Amino acid sequence: MVQQITRGIKISVVTTFEGSFYKNYKMQYAFGYTITIENQSKDSVQLNTRRWEILDALNNVEIVSGEGVIGKKPVLKPGESHTYTSGCLLTSPFGAMQGHYSMVNFTTTKKFKVTIPTFKLSAPFAIN
């Protein structure tokens with residue numbers, strides 16, 4: 001598990017290898033990740049957007065950004081958390097992801113970024 005706290009918002013990430021398959025004559029490696037966003041601050045916050053950098057071992061970088069996570073823009077009161085699971089495909093058996101969430105603090109009405117710590121994606125058979 002990888003964890004990081006930014007401005008009282010704790011991000012925890014657990015990854016899984018889901019398998020491999022051929023798509024358009026290329027090998028694809030499927031990875032899952034479960035993220036828990038925990039509000040350890042004294043203010044209510046809302047997650048509005050996300051931005052990811054997905055890197056594979058072949059130096060390919062994919063940027064993914066958009067509204068919310070899994071179709072939701074969770075509001076977290078102090079002490080609350082939100083957990084979701086998603087995934088990605090790589091063209092190599094290992095890589096990494098990193099990014100940030102854009103959030104708003106309801107008390108101050110200020111927007112801020114919460115770092116998603118870099119986490120590794122690796123197929124068990126590729127680990128030396």
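Colleague: What makes E4 and E8 a pair, and in which sense do they run?

Modeller: In this predicted model, E4 and E8 are joined by eleven bridges in the antiparallel sense. Two strands pair if DSSP finds at least two bridges between them, so E4 and E8 qualify. One of these contacts places Ala-96 of E8 as the bridge partner of Leu-55.

Colleague: How do you know that E4 also pairs with E6?

Modeller: Two bridges join E4 to E6, residues 75-76, and the strands run antiparallel. The requirement is at least two bridges, therefore E4 and E6 count as a pair. Val-75 in E6 is the bridge partner of Gln-46.

Colleague: What joins E4 to E5?

Modeller: Seven bridges do, and the two strands are antiparallel. Because pairing needs at least two bridges, E4 and E5 are a pair. Ile-54 stands opposite Glu-62 of E5. The two strands form a hairpin with four residues between them, and Asn-59 in that turn has a positive phi of about 65°.

Colleague: Why is Ile-11 called a member of the largest nonpolar core?

Modeller: A nonpolar core is a set of buried residues of listed types, Ile among them, joined through side-chain atoms within 4.5 Å, so Ile-11, as a member, is buried, meaning under 20% relative accessible area. The core has 25 residues, and those touching the most other members are Ile-11, Ile-35, Ile-37, Trp-52, Tyr-101 and Met-103.

Colleague: Which strands supply at least two residues of this core?

Modeller: Strands E2, E3, E4, E7, E8 and E9 each do.

Colleague: Which residues does Ile-11 touch, leaving aside those up to four places away in sequence?

Modeller: Ile-11 touches residues including Ile-35, Ile-37, Tyr-101, Val-114 and Ile-116.

Definitions and conventions:
Residues numbered from 1 in each chain as written. Predicted model: local features only at pLDDT ≥ 70, side-chain atom pairs only at ≥ 80, totals over all residues. Heavy atoms only, no water. Buried < 20%, exposed > 50% of the residue type's maximum accessible area, 1.4 Å probe, protein only. Contact = heavy atoms within 4.5 Å.
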